[in-house]
Amino acid sequence: MARTTPHDRPLYRRVASELLSELRDGAVPPGERLPGERQLAEHFGVSRETVRQALELLRRDGLVSTDRRGSHTALPGPPVGHLSPLSFPVGARTPDPAAVDRATVSWRPPPAEHAAALGLAPHRPTLMHRYESFGADGADLRTAVTSFSAVALAEVDELGRYRDRADGTAAAHLERAYDWMRRAGLTLHHRDAITRLVDRPSVRVTRLVHDQYARPLEITDLVVDARRETLVYEFTQPAAR
């Protein structure tokens, strides 16, 4: 992001102006929590005191509100709850009422391609989520393997708490993982790549999610039996402002 550096305004006013511009561009949806002071200071290359002054200026103008959970954008716009959420893991919802779902978490080194995408050192363990859905006949409908980055575990308290119980056997309810990330002040950007598997009638969807600072948060590999399942993608186009 290019920064303006005019010298006719105090530094905190320039930071407030740049932050407001990012909020208006949708970096943080209306009502969502802003990143913490430390993150904002690193993002703008200033001190935390400068960030505090910038936030106070935006609060006085009614553009940011603060409560016990932190600072939130107060710009007008549709509440976050009105947006179509991404499902976690991608494709987790199934139209088969007889399907049986199973999800577990483990703490172990991820596949090499996951480690590379998340910026993890080889053989470094991380939180991994495995999701499986079986039809009434016991056949696999879909499987998904997700690896989380060190950033996601450090920023999202709810994910970090799973480390102590990630034994690969206990049930794991991470359906709200994306909501947790947003509530931690992260704006989610995702890229889905779909490929056909040559050795079986299935397709693979690889989703990589990163935040507003281009830091990777998680990567998921989903494999779906193309003969029995349908992938449905939904998106919401915000109204012009």
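Helices (H or I, at least four residues) and strands (E, at least two) are DSSP runs, numbered from the N terminus. This is a predicted model, where local features need pLDDT of at least 70, side-chain atom pairs count only at pLDDT 80 or more, and totals for chains, interfaces and linings use all residues. Residues are numbered from 1 along each chain as its sequence is written, and side-chain values use heavy atoms, with hydrogens and water left out.

**View 1. Helix H1, residues 11-24.** H1 has 14 residues and spans 20 Å from first C-alpha to last, close to the expected 20 Å (1.5 Å times one less than the number of residues). Its buried residues (under 20% relative accessible area, 1.4 Å probe, protein chains only) include Arg14, Glu18 and Glu22 alongside Val15, Ala16, Leu19, Leu20 and Leu23. Among the elements covering them are helices H2 (37-44) and H3 (48-60), plus strands S1 (64-67) and S2 (70-73).

**View 2. Phe88 meets Phe148.** Rings of Phe, Tyr and Trp (its six-membered ring) pair if their centres lie within 6.5 Å; planes under 30 degrees apart are stacked, over 60 edge-to-face, and the rest tilted. That rule gives two aromatic pairs. Here the centres sit 5.9 Å apart with 35 degrees between the planes, a tilted pair. Phe88 is in the loop between S2 and strand S3 (100-108) and Phe148 in strand S5 (residues 140-148), so the pair ties together parts 60 residues apart in sequence. Both Phe88 and Phe148 are buried.

**View 3. Phe88 meets Tyr178.** With centres 5.4 Å apart and planes at 85 degrees, this pair is edge-to-face. Tyr178 belongs to helix H7 (residues 177-183), 90 residues from Phe88, and both are buried. Ring pairs thus link Phe88, Phe148 and Tyr178 into a cluster.

Definitions and conventions: Buried means under 20% relative accessible area, exposed over 50%, partly exposed in between (1.4 Å probe, protein chains only). Contact means heavy atoms within 4.5 Å.
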